[in-house]
Structures are given as structure tokens and as C-alpha cells.
Amino acid sequence: MAKSRQGLLSKRLSRALMEYTMISPGDRILMALSGGKDSLALAWFLGRMAGSFPIPFSVHALHVRSEVHPPALAPALEIMMAEWKIPLTVLDQPIRSSLRQGEDPNCFICARKRREALLRYAGEEHYQAVALGHHMDDILCTLLMNMIWKGETAAMPPLLDYGKGLKMIRPLCLIQEHLIEEFIKEKEWKIPARHCPWQGDDSRREIAARQLQELTAGKDSLKYNMYRAMSNINRELLP
């Protein structure tokens, strides 16, 4: 079962890279490594594929460290990436000290600050692609959040051109979350737990995740249908 699941994930990741033309020959990919299950799975697969994929590319991991990360996380990631032969850079990005006066820390601000640090580093070091660990459930939750709270149909594209030779890619876009969870459980990687103090169960993303499960009954086929619906639009039947 473990090998079949690993093969399934590898096949879907390869398909995403090719279907959305995420990489070009010789691309240097900077991968965001938070230490969570999604980024670990992405690092493991990209690291293994870098030397054998039909389109040659290289991968470098970047861990943007802030106050929410346990002290033992970065050293654990350094050991793991060394074993996987993936170069790793640890970049400190304080959150509290970067807040404006009267501004309270929250999940959105923290994510934005770390994303800015990631993109800045990618530009300075002349990478061609930034890889993020967003899976299909993440994309569908974002779709629901935008529809419900912003009144627009938008999500997270598998490929986004940032200009100046830099693109953002999401190679896990065709993989449902539970497959990644099962894969990580089988691997039994020892990573210090992260408990973010700025995100609670009542966050909009948590609400959207519960709604997604209710809408699809947790079925992969229905999540896949929702995902494909974003590029299969019948405009004649819309306002």
C-alpha cells in the first residue's frame, strides 16, 4: 500500500508539472519549506525527481523562520534536507517587530511577511520558480473563501507568472490532502510539532475546510470535479 500511494503521488505531481508547464529546462526552483506535512512531502518528491525528471531542474529549500516556530524545528529540517541531499537556507523573518503601531499579529500578516521574504530571496538569488506546498484541498478552500466572503470566483493557480523571469508553482495541486497525510504517517518523519498562537479553529480557512468536507463528503472524485469546474466554465449560464 505504501509503495502504491507513493507511486500515485509521484504520478500526480509529475502530471501537474507537465500539464501546467510549471518548469522549463534548467530551472532553479526555490521551495518554501515550513516543516509542515505538505512542504515535507513536496521536498521529498521534488528532491527525488530533480535528477531523473525528463525536464532537468534543481531544487533548493528555504525555511523562513519566525517566532511561531519551535527552536528545534530548523535544526531538524537541516538534518533531514542533508539526508535528502537538498540544499537548505534558513532565513529569519521576525513578525512582531515588523508590525505597525497598534497592529496585532495574526495568521494573515504572518503568512504575508513570510511570503514577502520568500519572494525577495528568490529574486535576489535569481531563481526561476518558487514552489509552494498547496494541495487540491487548499485550492478549493480558497475558492470557497473568495466566493463566500469576497464575492468573487478566484483561487490559487497552479502556475502564476510574477514577471522578471520568476514564476510561482504549486506541484501538489492535483493531490488531495488525505493522501499527503497518509504518506507522511507512513514515513514517520520526526519533526517538532508547530502550534501557531495566531490561528484558531474559527478562522475562515478552517470554516471553509469544514464546508468543503460537507460539500464533497470527503470524496476525492467530487473534490476533483470541483477543481476541474474552475476551468470548465459555461458562461452562457452565468450572470
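**Entry 1: a pair of strands**

I began with β5 and strand β6 (residues 166–169), which pair in the antiparallel sense over four bridges. This is a predicted model, so I am reading a computed picture here. I looked up D161 and found that its bridge partner in β6 is K167. Next I checked how β5 and β6 connect: they form a hairpin with two residues between them. In the turn I noted K164, with a positive phi of about 55°.

**Entry 2: the whole sheet**

Which order do the strands of the open sheet have? I read β3-β2-β1-β4-β6-β5, six strands with mixed pairing. I reminded myself that strands of a sheet pair through backbone hydrogen bonds, either parallel or antiparallel. At the edges I found β3 (88–92) and β5 (159–163), each with a single partner strand, so one side of each has no neighbour in the sheet. I also looked up the turn between neighbouring strands of this sheet, and on average it is 25°, direction ignored.

Then I moved to strand β1 (residues 27–32) and strand β2 (residues 57–65). These two run parallel and are joined by six bridges. For A32 I looked for the bridge partner in β2, and L62 is the one.

**Entry 3: a helix across the strands**

What lies across β1, β2 and β4 (129–131)? I found helix α2 (residues 37–49) there, running at about 160° to β1.

**Entry 4: two helices crossing**

I turned to α5 and helix α7 (residues 204–216), whose axes come within 9 Å and cross at roughly 105°. That angle makes α5 roughly perpendicular to α7. I listed who makes the contact: α5 brings residues including D137, L140, L144 and W149, while α7 brings residues including R204, I207, L212 and L215. By class, I read 11 nonpolar, three polar and four charged residues in the contact of α5 with α7.

**Entry 5: a pocket**

My last stop was the second largest pocket, which holds about 250 Å³ of space. Two elements give two or more residues to its lining, α5 (136–150) and α8 (220–229). Which of the elements gives the most to the lining? I found that α5 does, with three residues. Among the lining residues I noted L143, L144, M147, M226, A229 and N232. L144 caught my eye, since I had also met it in the contact of α5 with α7. How does the lining divide by class? I read nine nonpolar, three polar and no charged residues.

Terms used: Residues are numbered from 1 along each chain as its sequence is written. This is a predicted model: local features need pLDDT of at least 70, side-chain atom pairs count only at pLDDT 80 or more; totals for chains, interfaces and linings use all residues. Side-chain values use heavy atoms; hydrogens and water are left out. On a 1 Å grid over the protein atoms alone, a cavity is a set of points where a 1.4 Å probe fits but cannot get out, and a pocket is an open set with protein on both sides within 12 Å along at least five of seven lines; lining residues have an atom within 4 Å of a point. Grid points are joined across faces, edges and corners, and a volume is the space filled by probe spheres set on the points. Ala, Val, Leu, Ile, Met, Phe, Trp, Tyr, Cys and Pro count as nonpolar, Asp, Glu, Lys and Arg as charged, and the others, Gly among them, as polar. Axes are lines fitted to C-alpha atoms, for helices over the stretch in contact, and angles run from 0 to 180 degrees between N-to-C directions. Angles under 35 degrees count as roughly parallel, over 145 as roughly antiparallel, 65 to 115 as roughly perpendicular and the rest as oblique. Contact means heavy atoms within 4.5 Å. Two strands pair if DSSP finds at least two bridges between them.
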